[in-house]
Amino acid sequence: MPTTTTRPLPPQLLAAVRKHWGFTSLRPLQEQAIRAAMAGRDSLVVMPTGGGKSLCYQAPAVVRDGLTVVVSPLIALMKDQVDGLTRIGVPAVRLDSTLTPNERTTTAERIRRGEVRLVFTSPERLVNTDVYQLLRDAGAHTVAVDEAHCVSHWGHDFRPEYRQLARLRDFFPKASVHGYTATATDRVRQDIAQQLGLNSPDILVGSFDRPNLIYRVLPRLDLMAQVRAVLDRHPGDAGIIYCLRRKDVDDMTAALKAVGYRAVPYHAGMTPDARRQTQEAFAAEEADLVVATVAFGMGIDRSNVRYVIHAAMPKTIEHYQQETGRGGRDGLPSECVLLYSGSDFLTLKAIIEKSAEEAQAPPEFTAASVKHLEEMARYCRGAACRHKSLVQYFGQPYEVENCAACDVCLGDTQEVPDAMTIAKKILSCVARVKEGFGTAHVIDVLRGAKSESIRSRGHDELTTYGLLKEVPKTDLRDWIYQLIGQGVLVQAGDEYPILKLNAASWAVMAGKHTVRLIQLARSEKRSKNAAPSQPVSLPVGADAALFELLRTLRRQQASQAGVKPEQVFSDTVLAEMARGRPTTVDALRRISGVGDYRLQSFGAAFLEAIAFHCRRTGLATDVPAPRTVAAPRAASSGPPSAKKTQAFRLFRAGESVAEVVKQTGLTAATINGYLADFVTAEKPASIFNWVPEDVCERVAAAADIHGTALLKPVFLELNEEVSYDHIRVVFAFLATRE
Ligand code: ADP
């Protein structure tokens, strides 16, 4: 489909982004989305949470004459956006049911006089004749539908009132229409385009990877102790704990409060007032953590959520992605810890069946939901990189070999030494029971269970009976799921899935295809050199004490100005202040996220605090930024992780891979990956520090024959004598010479 991406952006747009938001550049997908909006071309923009969707419709609105109408599902969301925009000097108003008649009249007059650029409203309001006529007559050229997945009943958050937006075209025949969502599935996307009547839209889809989220999955052994272990790593940080049931929320909140944590509850059974109180306390930083059911989601306006804990398995991978996605929207590292138990599956299945029965849902619905549960359980027990599993689940490729941001890649898990033998035993057991039974039965046979169901079928006579007697049930289940995940075992059938073999299973049994199995961690390992006092999210060189001081100052300033702390400066800005320790207005202005308006209101107070702290502690001021590093994964959001920045610094100093491994505590595979990225980004004059000269020459010669599109032909050409890591680094180097 043709796109609008070729037209250059007008210079005043970037100037406006700089002035109002203080951002020094646009992210690649933002740029494309903004082009579509500027050109008046319908678009559907799919970006993960934290990708920066709002700027895509707000920035064009500022530089264009006329009005942009923003449809938003929640009053709280609208209020935040309007307050935030007003703070940074953008004329925005909202038309919602909470306005008094007087306010409504004043707002309408401002709109009529052409004084505002953005009007936020709800779908219910927008279909009101008075409202859409007012907006149309005032020159609405763009309608931006935020959280556009709410229009689709395939989405996880369907809102019937969004359906009325199908009439948008009639109300605003001349305006372009744009949908914005973080929902990844293709079906929902197509539905949105259809429901909103988008006219050959630009469909812009970002990468679904969230490299700054650190995923961990742990069996739930002692819930409170495990939860507290995470909280204690994040003193004073914001976090969310998701529980399955309302009662779990209440119990957990009470237990945490009793031991001194600033926790507040949130679930659909609370009164609207009580829920509002929770949201406000969280936003104002009066509470650090919200214990919630899935009902807590949209409208969370803290971008500095540093951890998301799931006290039980979510219902679907989509839910998991959405809920963990609420962490680290500011791009700084955030931890996502999922605590699961085999019983979660049964509890959730019972919940699904009960609600399906109450709603008289068709049986396919229940079957599909159970399938989603299975997928989620497989993710929990899987042996593959979590980033990779999630991104691939959403149908996108993931090329990074070691993400360095999940339990599997960080080495929290342990490789099972005799994986092949175990895999063969499991697979031959599936063959022996004639591919006619589910996981539970196969496990029972392998463990030599003495049940009636086994005896009556004569399965205690099989050669595989009791072959893995010594292995705990939960490990066996993990491994079966891991084999499914690696495509050498198949689970078929919806309601009572049975295990089946495929060609790859036979290849494994014949020893022609290898698999790996891992022992999932029972507790997370702490990285060796992460000092507990250093918040995990701070960049290299940032002073933790100064960061804390600035956070306190932010709270004071926010409460004096009657705004939310987030609207003073984001955590990213504070972290950069704690690193660079600027002493002049100009240096402060150079920080991304410090626009003119915030600088005027708050700049002086922050400069004073920085100077005071540095005088007292003798810390250096005005520390220049490390050379900027081109993001190796083009579409990824957020800055590189602190570890990566550290690795790049060491490479710059010419340190060897072994030394960088030692200093960062990461694996050699990760560091080699970083080295290739480093070479691409910084184009060093030579790579002989890391790859011997003769090896470079051999790889270059082989690349002349086979090209650099694939590693393997070169690997084979060199008789498998040069490692893939070296080949990759040389390829990166060759690319910089082209
Ligand atoms: P989404 O709605 O997609 O979740 P937001 O619009 O809330 O994302 O933006 C996420 C974060 O990214 C915010 O903290 C915002 O300030 C920041 N951000 C957005 N665009 C940029 C940019 N071009 N440069 C730097 N930071 C940005």
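## A walk through the five domains

Let's start with helix α13, which spans residues 317–324 and is mostly covered, with seven of its eight residues buried. Those buried residues are I317, E318, Y320, Q321, Q322, E323 and T324. What do the buried residues of α13 pack against? Their partners include four strands, β8 (213–219), β9 (238–242), β12 (305–310) and β13 (334–340). Two helices, α15 (363–381) and α16 (386–393), also pack against them. Keep α15 in mind, as it comes up again below.

Before going further, a word on what you're looking at: this is a predicted model. The domain assignment of the protein chain gives domain 1 (11–205), domain 2 (213–380 + 387–405), domain 3 (417–516), domain 4 (544–617) and domain 5 (642–736). To get a feel for the layout, take the centres of domain 1 and domain 5 over C-alpha atoms: they are separated by 45 Å.

Now for a residue with a low number, V62, which sits in helix α3 (residues 53–63). Is V62 buried or exposed? Its relative accessibility is 15%, and because anything under 20% counts as buried, V62 is buried. If you set aside residues up to four places away in sequence, V62 touches A16, H20, W21, V90 and R117. For a longer view, jump from V62 to L338: the two are 276 residues apart in sequence, and their C-alpha atoms are 41 Å apart in space.

Further along the chain comes S200, in the loop between α9 (186–195) and β7 (202–205). The backbone here has a positive phi near 25°, in a residue other than glycine. S200 has 48% relative accessibility and so counts as partly exposed.

Helix pairs come next. Two packed helices are described by the angle between their axes and the distance between the axes. Take helix α10 (residues 223–233) and helix α11 (residues 246–258), which pack at an angle of about 60° with their axes 12 Å apart. That angle makes α10 oblique to α11. The crossing of α10 past α11 is right-handed. On the α10 side, L223, M224, V227, R228 and L231 take part, and they meet M252, A255 and L256 in α11. By class, this contact of α10 with α11 has seven nonpolar residues, no polar ones and one charged residue.

Here α15 returns, this time beside helix α20 (residues 473–485). The axes of α15 and α20 come within 8 Å and cross at roughly 105°. The crossing angle therefore makes α15 roughly perpendicular to α20. From α15, E374, R378 and R381 make the contact, while α20 supplies T474, R477, D478, Y481, Q482 and I484. Which classes of residue make up the contact of α15 with α20? There are two nonpolar, two polar and five charged residues in it.

Between α17 (419–432) and α18 (439–446) there is a loop, and E435 lies in it. Although E435 is not a glycine, it has a positive phi of about 50°. With 23% relative accessibility, E435 counts as partly exposed.

Moving on to helix α22 (residues 544–561), look for L550. L550 has a relative accessibility of 0%, so it counts as buried. Which residues is L550 in contact with, leaving aside neighbours within four places in sequence? They are L574, M577, A578, F606, A609 and I610. By comparison with a residue elsewhere in the chain, the C-alpha atoms of L550 and A384 are separated by 39 Å, and the two residues are 166 residues apart along the chain.

The last stop is the stretch that holds α26, α29 and α31. R652 lies in helix α26 (residues 642–652) and is partly exposed, with a relative accessible area of 31%. The C-alpha atoms of R652 and N502 are separated by 49 Å, with their positions 150 residues apart along the chain. Helix α29 (residues 693–706) and helix α31 (residues 724–737) have axes that come within 10 Å and cross at roughly 70°. α29 and α31 are therefore roughly perpendicular to each other. V695, C696, V699, A700 and A703 of α29 make the contact with H726, I727, V730, F731 and L734 of α31. Sorted by class, the residues of this contact are nine nonpolar, one polar and no charged.

Key
Residues numbered from 1 in each chain as written. Predicted model: local features only at pLDDT ≥ 70, side-chain atom pairs only at ≥ 80, totals over all residues. Heavy atoms only, no water. Axes fitted to C-alpha atoms, helices over the stretch in contact; angles between N-to-C directions. Parallel < 35°, antiparallel > 145°, perpendicular 65-115°, else oblique. Left-handed = near helix turned anticlockwise from the far one by under 90°. Contact = heavy atoms within 4.5 Å. Nonpolar A, V, L, I, M, F, W, Y, C, P; charged D, E, K, R; others polar. Domains from an automatic or database assignment. Buried < 20%, exposed > 50% of the residue type's maximum accessible area, 1.4 Å probe, protein only.
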